[in-house]
Amino acid sequence: MRLAHITGSPLNPSHFTVVVRAIPWSPEESYSDSVRKFFTRYHESSYLSHQMVYRSGRVQKLMSNAGKMCKILKDVSIEQKHKPGLYHCGFCGAHSDSFKILSHESESARGKSFLIDDGCGGKRKKVCAAAFVFFKTRYAAVVTSQVLHSSNPMQWVTQLAPEPHDVYWSNLWIPYGQLWIRKIATLLAAVAFMLVFLLPVTIVQGMTHADKLQKTLPFLEGPLKKKLISQLLTGYLPSVVLIVAFYTVPPIMMLISTLEGSISRSGRKKSACFKILYFTIWNVFVMNVFTGTVIDTVGIINKLDSVKQLPAQLAKAIPAQAKFFMTYVLSSGWAGLACELMQLYPLLCNFIRRYIFRMKDWAIGTMSFPYHTEIPRLLLFGFIGFTCSIMVPLILPFLLVYFTLAYFIYRNQIINVYITKYETGGHFWPLVHNTVIFSLVMMQIIALGVFGIRQSPISSGFTIPLVIFTLLFNQYCRQRFLPVFKNHVAEILIDMDREDEKYGRTEEIHQQLHAAYCQSPSTSPDSSMAGSYHHQEEDSIQDPENVTPGKEASQVSPSWSIASTFGAPEPI
């Protein structure tokens, strides 16, 4: 399917583009001259041109913000369509002439935009040790991205460029030598956050046991004798508390993944997706199965004198948490699908802005599909279904209803609600495959424990080959399909290049590559052509090791429409 996606998808400028990082610093020539000389010397037959990456300063950020403000105010067209009116403030009830205020802001923004445009020259831009290098063919770009270009592996580092709308410009400014340190630091931060989150998990598990609640909070001894209150406090309330606590996980994991240094938005979401998946499996399943408190966890671990006891412990622990998992599926699964369908967060923001702040002309921005939150949730419910199916088969109808509803709801959301800004090309599928294989192995291990408790050696003997065959199937898939997700097929790329040359599309594609990766709306593509950088810019160039990443400015691929040239669908 991935190969069919590559051959059947519209022409993509990222197939012709390579990101070059860790460009060596030279006091004698600019980064642009170094890139041009290097690729002209070693890739003369395939090198087309290049475009440097800039680290915009405060003036550039102010100009971008002023441009966005002017665009919003122009779309409103207040002076032509409305008359000034008095409105009550949603909080204090005072009167305000909102249209008059907006009119003054419009004039002020236009003036600021003019001043910024007039004062922002090339010297205000700082050239980073990174560039987009364009090649004549897809095959040349792929070959260039996968070879070492220097005896020092920390210099002239190349990789295929992400799609224009997928580029995360802020992380391109990060010096390449910092990436390995950032990966270690973010891994430690994720593990530390996972350990800190044990506190709410411990509290939740303490709430699921009525006897522990009575010992900890003696005043609940009377209410807990009532069946309804007991079911509410020990069944429904713990899952609600855990779900509320989990709302803090995706933003924190996304922040950690951003600091990791990925240069693409899809790569950032993929990294966050990995972290959130492991986080949820650990805290929702492992900690809830093995523990009511951290002390209980230590006790169980001490009892595991050998690995042979692990299946038996799982077989005993899972039925004890059956009520919690069923409630979690209902509260987090079914209720989560209802919230996804109603879009509660944008609805709440729209209500506050329209009826409290009286912003009648405010419109909700376009949203992209949250892969990093929805994929881990789906995989978690699949994991729970596999592992609980033997001991708690009653949970399967609830999961079947969930996955059926999820198919129709997510299909509707992807088609009608979310805007596809870039294609991931199936890069999330290896994560899905590995999680399913892990779920199958865990289910088979639990089956071994169940048959061991019931003293059924014949059934255990038939289960062991299932584990072996599952691992062998996983290894086959890694050898047969995983390389297709990690690498590009030369045969397909060469055929696509020959087809473009046959139908005369090559020259048109080459002419539009610069506009596709234009970093700033104020920078015309022509000014970024190879060889157009003069030595007068060297005053603003810094050593790459002294450059620190800043916050991401509003840097969007501008006027060139990918749809007009490459046939990609325009956002609705």
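Does Asp497 count as buried or exposed, and at what relative accessibility? In this predicted model, Asp497 has a relative accessibility of 12%, so it counts as buried, the cut-off being under 20%. Its salt-bridge partner is Arg138, and the two side chains meet at 3.0 Å, N to O. The pair joins distant parts of the chain, with Arg138 in helix H6 (residues 138–145) and Asp497 in helix H23 (residues 490–502), 359 residues apart. Arg138 is buried too, with a relative accessible area of 1%. Arg138 and Asp497 also belong to a network of salt bridges that takes in Asp500 and Arg505.

The count of salt bridges comes to seven, and two others can be described alongside this one. In helix H2 (residues 31–42), Arg36 and Asp33 are three residues apart, about one helical turn, and their side chains meet at 2.7 Å, N to O. Arg36 is partly exposed, with a relative accessible area of 25%, whereas Asp33 is buried at 6% relative accessibility. Helix H18 (residues 371–388) holds Glu374 and Arg377, again three residues apart and about one turn of the helix. Here the salt bridge has an N to O distance of 3.7 Å. Glu374 is buried, with a relative accessible area of 5%, while Arg377 is partly exposed at 25%.

Turning to the nonpolar interior, the largest nonpolar core has 56 residues, and Phe197, Leu242 and Tyr328 have the most contacts inside it. Helix H13 (residues 265–290) gives the most to this core, with 10 residues. Leaving aside residues up to four places away in sequence, Tyr328 touches Ser239, Leu242, Ile243, Phe246, Val284, Gly333, Leu380 and Phe381.

Helix H12 (residues 249–260) has 12 residues and spans 16 Å from its first C-alpha to its last, close to the 16 Å expected at 1.5 Å a residue. Its buried residues include Val249, Pro250, Met253 and Met254, along with the polar or charged side chains of Ser257, Thr258 and Glu260. Just after H12, Gly261 takes a positive phi of about 110 degrees.

Among the strands, S2 (residues 47–55) is largely enclosed by the rest of the structure, because eight of its nine residues are buried. S2 pairs with strand S5 (residues 126–135) in the antiparallel sense over seven bridges. One point of reference in this pairing is His50, whose bridge partner in S5 is Val133.

Key: Residues are numbered from 1 along each chain as its sequence is written. This is a predicted model: local features need pLDDT of at least 70, side-chain atom pairs count only at pLDDT 80 or more; totals for chains, interfaces and linings use all residues. Side-chain values use heavy atoms; hydrogens and water are left out. A nonpolar core is a set of buried Ala, Val, Leu, Ile, Met, Phe, Trp, Tyr and Cys residues joined through side-chain atoms within 4.5 Å. Buried means under 20% relative accessible area, exposed over 50%, partly exposed in between (1.4 Å probe, protein chains only). Helices (H or I, at least four residues) and strands (E, at least two) are DSSP runs, numbered from the N terminus. Contact means heavy atoms within 4.5 Å. The expected span of a helix is 1.5 Å times one less than its number of residues. Two strands pair if DSSP finds at least two bridges between them. A salt bridge is a side-chain nitrogen of Lys or Arg within 4 Å of a carboxyl oxygen of Asp or Glu.
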